[in-house]
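These are my notes from a session with a single model, set down in the order in which I looked things up.

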Amino acid sequence: MNYKITNGSISYGAETILEEIDFEIKEKEKIAVVGRNGCGKSTLLKAIVNNQMLEEGIGEEKFGVYKQGSPVIGFLKQVEFEDESTSLLEEILKVYKKQTDLERRIENLEKALKQETSDKLVKEYTNAMDMYKFYDGYTYKKEYTTALNKFGFTTQDENKKISEFSGGQRTKIAFLRLLLSKPDILLLDEPTNHMDIVGKETLENLLKEYKGTLIFVSHDRYFVNKIADSLLVFEKNGAKYLNCSYDEYIENREEKEELFTTKKVKNKNNEYILNKERNKIKNKIKKLENEINANDLEIKRIEAEMQKEGINTDYVKLNELQEKITALNKQNEEKLIEWEALENKLS
Ligand SMILES: Nc1ncnc2c1ncn2[C@@H]1O[C@H](COP(=O)(O)OP(=O)(O)OP(=O)(O)O)[C@@H](O)[C@H]1O
Ligand SMILES: [Mg+2]
């Protein structure tokens, strides 16, 4: 599994929220997205799920979203339940639809087999039993009861309606449902919000053990330190991808900036102008380089002309050509000074 966005941008109406998104998610990576309120963390997560939100950014690279192996993405945003009158158990069992469907089929086949035993029915029955085993039919109940217990839910709770649980409990249920469905990429937007200490600790342990790829937004430094192995930090000048813990980032951010690789998920408010300016400068540099090269070629051409028979003895012509070369060299010197100044601006 690998997921990559190059040179994307996201706007709400006329307002660009994120520009030049250049971001790669590697298999089994646990990335924390951190940064001040309103910088675009939730927006980025939403766009990872819904690529329709992405448009071409202002960078030079080609815009694209690359997904290897069509990964299943699970996203915990605000806690929502379609129907609050379903019970906790019913909610959890939605994750295990394959297994519960098979149970029903096996039950029906067993009934049918009591009436008559045909080869066809026996074959169907063995097939269903094989499938049931393949989909962990014998262990899935243990899987979810253990998870529910970890979050402090009892067997009695299983029949309670969703509407009867508190906000924190509902977050836990939504999270459990998502975790048990085992997506390839798990996206969590501030999962510790509304969770009590027990919930937080459980969440922490489950996420530490979690084998899939995880991207989560959090303002909780302690939580980020525990779980994340890399960071996407939104700073004043855009977002950076850092392959270190949050504490290491805080320790090093002043003096060791260059340690970190920047993956530019640039964020608008502060960087927009700056970034546009940078692109203008980059274009100017390119233009200058082309002009210098063209002048160099012209100088070579003139030098070759000066060697030609008939011209190499014509001093008036030679003088004229030499003057042209001097002028071109002078131009290039000036262009080089300008080029150097622009390069310095960029670094
Ligand atoms: N549906 C929308 N329409 C217009 N603007 C939006 C919409 N959603 C978010 N925004 C704006 O986009 C910017 C980024 O919002 P986003 O919710 O991604 O920030 P955030 O980093 O998740 O913030 P927080 O830490 O408060 O959750 C904000 O300026 C917000 O006002
Ligand atoms: Mg948010």
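**Helix α11.** I began with helix α11, residues 315–346, in what is a predicted model. At 1.5 Å a residue its 32 residues should span 46 Å, and I find its end C-alpha atoms 46 Å apart, which agrees. I then looked up how well α11 is covered, and the count of buried residues among its 32 residues is 0, so I noted the helix as hardly covered, given that a buried residue needs 20 or more other C-beta atoms within 10 Å.

**Overall form.** Turning to the whole chain, I listed 11 helices and 11 strands. The radius of gyration is 31 Å, well over the 20 Å that the globule rule gives for 347 residues, so I recorded the chain as more spread out than a compact globule. Along its principal axes the C-alpha trace spans about 115 × 55 × 35 Å. Buried residues make up 24% of the 347 residues. Of the contacts with a separation of 6 or more, 73% are between residues 24 or more positions apart.

**Domains and core.** The domain assignment gives domain 1 (2–79 + 183–264), domain 2 (88–160) and domain 3 (271–346). I took the centres of domain 1 and domain 2 over C-alpha atoms, and 36 Å separate them. Which residues have the most contacts inside the largest nonpolar core? In this core of 51 residues they are Ile 31, Ala 32, Val 33, Leu 187, Ile 215 and Leu 231. The core draws at least three residues from each of domain 1 and domain 2. As background I noted that nonpolar side chains tend to be buried together in soluble globular proteins. I followed Val 33 further: leaving aside its neighbours within four places in sequence, Val 33 is in contact with Lys 41, Leu 44, Ile 215, Phe 216, Val 217 and Leu 232.

**Positive phi.** Most residues other than glycine have a negative phi, and I therefore kept a separate entry for exceptions. Asn 7, in strand β1 (residues 2–12), has a phi near 45°, and with 20 other C-beta atoms within 10 Å Asn 7 is buried. Lys 28 has a phi near 65°, also a positive value in a residue other than glycine, and is found in the loop between β2 (15–26) and β3 (30–34). Is Lys 28 buried or exposed? With 12 C-beta neighbours inside 10 Å, Lys 28 counts as exposed.

**Lys 4.** I returned to strand β1 for Lys 4, which is partly exposed, with 14 other C-beta atoms within 10 Å. Leaving aside its neighbours within four places in sequence, Lys 4 is in contact with Glu 24 and Tyr 66. I also looked up its separation from Leu 178, 174 residues apart along the chain, and the two C-alpha atoms are separated by 23 Å.

**Confidence.** I closed with the predictor's confidence, for which the mean pLDDT of the chain is 87, with 91% of its residues at 70 or more. Over residues 256–261 pLDDT stays under 50, and the model has 4 contacts beyond four places in sequence for them. Over residues 268–273 pLDDT likewise stays under 50, and there the model has 11 such contacts. Where pLDDT is low, the predicted coordinates should not be read in detail.

Terms used:
Residues are numbered from 1 along each chain as its sequence is written. Chains are lettered from A and ligands numbered from 1 in the order in which they are written. This is a predicted model: local features need pLDDT of at least 70, side-chain atom pairs count only at pLDDT 80 or more; totals for chains, interfaces and linings use all residues. Helices (H or I, at least four residues) and strands (E, at least two) are DSSP runs, numbered from the N terminus. The expected span of a helix is 1.5 Å times one less than its number of residues. The radius of gyration is taken over C-alpha atoms; the globule rule is 2.2 Å times the number of residues to the power 0.38. Two residues are in contact if their C-beta atoms, placed from the backbone, lie within 7 Å. A nonpolar core is a set of buried Ala, Val, Leu, Ile, Met, Phe, Trp, Tyr and Cys residues joined through C-beta atoms within 7 Å. Domain bounds come from an automatic or database domain assignment. pLDDT is the predictor's confidence in each residue, from 0 to 100.
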